[in-house]
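User: I have a model open and want to go through a few spots in it. Can we start with the cysteines?

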Amino acid sequence: TLGRNVVTASEKPEKTIQEHWIAIASNGETLNSPVSHKLKLAKYFVLYDMESNSYKVIKNIYDKKNTFREVLIANMLIAKRISCVICGNCTNRAADILKRGHVFICLHTEENVQKVIDDYRDALGKSRKSSITNLGGN
């Protein structure tokens with residue numbers, strides 16, 4: 001059974017990078033929600049723990065608030081100490097900030113969050129071509 005908590009983006013950051021945590025840009029609050037096609041337009045971020053198969057959802061408080069929202073989002077995700085962010089697309093500005101924060105960026109073409117998690121898990125466990133494209137990081 002998967003656990004789920006809704007939290008705000010103002011949570012205090014973890015002290016070290018949590019390599020088993022990933023963030024998926026989402027348009028909804030569940031694992032069946034569609035993946036956001038653009039990082040800066042995501043309504044939520046699903047923070048998923050690959051070890052415990054639990055997750056929490058963070059509402060994107062920067063959604064459409066200003067022209068620099070992708071910078072604010074990238075910094076918020078770095079503060080959450082995740083190891084990878086997965087979305088449909090991300091601006092060069094956000095990608096540069098995430099890379100400097102040692103966060104891998106993966107572009108994904110799947111329709112829902114659960115499929116992204118399954119594909120990411122498969123990509124970690126196997127050396128095979130998946131629908132995930134790694135833009136780098138660390």
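User: Is C87 buried or exposed?
Analyst: C87 is buried, at 0% relative accessibility. Keep in mind that this is a predicted model.

User: How many disulfides does the structure hold?
Analyst: Zero.

User: Why is C87 not in one?
Analyst: Because the closest cysteine sulfur, in C90, is 5.0 Å from the sulfur of C87, too far for a bond. A disulfide needs the two sulfur atoms within 2.5 Å. C90 is likewise in no disulfide, with the sulfur of C87 as its nearest cysteine sulfur.

User: And C90, buried or exposed?
Analyst: Buried, with a relative accessible area of 12%.

User: Which residues touch the most other members of the largest nonpolar core?
Analyst: C90 is one of them, along with L39, F45, L77, I82, V85 and L98. That core has 25 residues.

User: Which elements give two or more residues to this core?
Analyst: Strands β2, β3, β5 (82-87) and β6 (104-108), plus helices α1 (69-79) and α2 (92-100). The largest share, six residues, comes from α1.

User: What is L77 in contact with, leaving aside neighbours within four places in sequence?
Analyst: A23, L39, F45, I82, V85 and L98.

User: What other core is there?
Analyst: Another one, of 17 residues, lies apart from the largest core; I22, V35, V116 and I117 are among its members.

User: Switching to β3. Why is it called largely enclosed?
Analyst: Strand β3 covers residues 44-49, and six of the six are buried, so the rest of the structure largely encloses it.

User: Which residues are on which side?
Analyst: Y44, V46 and Y48 are on one side, F45, L47 and D49 on the other, and both faces are covered. In a regular strand, side chains alternate between the two faces of the sheet.

User: How does β3 run relative to β4, parallel or antiparallel?
Analyst: Antiparallel, with six bridges joining β3 to β4 (residues 54-59). D49 has S54 in β4 as its bridge partner. The hairpin has four residues between the strands, and N53 takes a positive phi near 55° there.

User: Last one. Where does S33 lie?
Analyst: In the loop between β2 (18-26) and β3. S33 counts as buried, at 6% relative accessibility.

User: What does the side chain of S33 have a polar atom close to, at 3.3 Å?
Analyst: The backbone nitrogen of E29. Leaving aside neighbours within four places in sequence, S33 is also in contact with S26, G28, E111, N112 and V113.

Notes. Residues numbered from 1 in each chain as written. Predicted model: local features only at pLDDT ≥ 70, side-chain atom pairs only at ≥ 80, totals over all residues. Heavy atoms only, no water. Buried < 20%, exposed > 50% of the residue type's maximum accessible area, 1.4 Å probe, protein only. Pairing = 2+ DSSP bridges. Polar contact = N/O pair within 3.5 Å; in protein donor to acceptor, adjacent residues only side chain to side chain. Contact = heavy atoms within 4.5 Å. Core = buried A, V, L, I, M, F, W, Y, C linked by side-chain atoms within 4.5 Å.
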